[in-house]
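Visitor: Hi! I have a few minutes before my next spin finishes. Could you walk me through this one?

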Amino acid sequence: TVSFNDFQKLDIRIGTVIEADVPKWSHSVIKLTVDFGEQIGKRTVFAGMMKFYKPKDFVGKQFPFVINIEPKKIGLEGDYSEGMMLAADLIEDKDKPEEGKPILFALSQKVPNGTKVR
């Protein structure tokens, strides 16, 4: 159980993916460059969704991201992920929950980059 106070510590913002590619060393992650607007700027976020999506599926689209998570080193080249993309986890086989498919969120209308999710 997470307290309401702990939940409020998460800073979830909407960002637009402006670039997406697969690093040479990657077998599972896509490197996203995300624009969170003037106040926050651009950040690099790695999404472990290569099994289900191609980089072109992200470019130009808005998604929710947790942006106040501790940066995490990803891959051999010392890149850091500066956020975490949120997606629904569709588990089609209850005996294999680790094989769930991430389902991307879609906003019903475009919002300014950096908009806070409440």
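Guide: Happy to. This is a predicted model, and a good place to begin is the largest pocket, which is lined by 23 residues.

Visitor: Which residues lie nearest its centre?

Guide: Nearest the centre of the largest pocket are F46, A47, G48, M84 and M85.

Visitor: And what volume does the largest pocket have?

Guide: Its volume is about 450 Å³.

Visitor: Which strands supply at least two residues of that lining?

Guide: β3, β5, β7 and β8 (87–90) each do.

Visitor: Let's switch to the sheet. In what order do the strands come?

Guide: The open sheet has 5 strands in the order β3-β2-β1-β4-β7, with antiparallel pairing. Its edge strands are β3 and β7 (84–85), each of which pairs on one side only.

Visitor: How many bridges are there between β2 and β3?

Guide: There are 6 bridges, and the two strands run antiparallel. Within that pair, L32 stands opposite V45 in β3.

Visitor: What else does L32 touch?

Guide: Leaving aside residues up to four places away in sequence, L32 has contacts that include V17, F58, F65 and M85. It also touches polar or charged neighbours, among them E19, R43 and T44.

Visitor: How many residues are in the largest nonpolar core?

Guide: That core has 16 residues, and those with the most contacts inside it are V17, L32, F58, F65 and M85. At least two core residues come from each of β1, β2 (30–35), β3 (42–47) and β4 (62–66). The largest share, 3 residues, comes from β2. As a general point, nonpolar side chains in soluble globular proteins tend to be buried together.

Visitor: New topic: where does D11 lie?

Guide: D11 is in the loop between α1 (4–8) and β1 (12–21).

Visitor: Is D11 buried or exposed?

Guide: D11 counts as buried because its relative accessible area is 16%, under the 20% cut-off.

Visitor: What does its side chain pair with?

Guide: The side chains of D11 and R13 are joined by a polar contact of 2.6 Å. Beyond four places away in sequence, D11 touches F65, V66, I67, N68 and K116.

Visitor: Last one: is L76 buried or exposed?

Guide: L76 is exposed, because its relative accessibility is 78% and the cut-off is over 50%. This residue sits in the loop between β5 (72–74) and β6 (79–81).

Visitor: How many Å apart are L76 and P112?

Guide: They are 34 Å apart in space, C-alpha to C-alpha, and 36 residues apart in sequence.

Key
Residues numbered from 1 in each chain as written. Predicted model: local features only at pLDDT ≥ 70, side-chain atom pairs only at ≥ 80, totals over all residues. Heavy atoms only, no water. Helix = DSSP H or I, 4+ residues; strand = E, 2+ residues; numbered from the N terminus. Buried < 20%, exposed > 50% of the residue type's maximum accessible area, 1.4 Å probe, protein only. Polar contact = N/O pair within 3.5 Å; in protein donor to acceptor, adjacent residues only side chain to side chain. Contact = heavy atoms within 4.5 Å. Core = buried A, V, L, I, M, F, W, Y, C linked by side-chain atoms within 4.5 Å. Pairing = 2+ DSSP bridges. 1 Å grid on protein atoms, 1.4 Å probe; cavity = no way out; pocket = protein on both sides within 12 Å on 5 of 7 lines; lining within 4 Å. Points joined across faces, edges and corners; volume = space filled by probe spheres on them.
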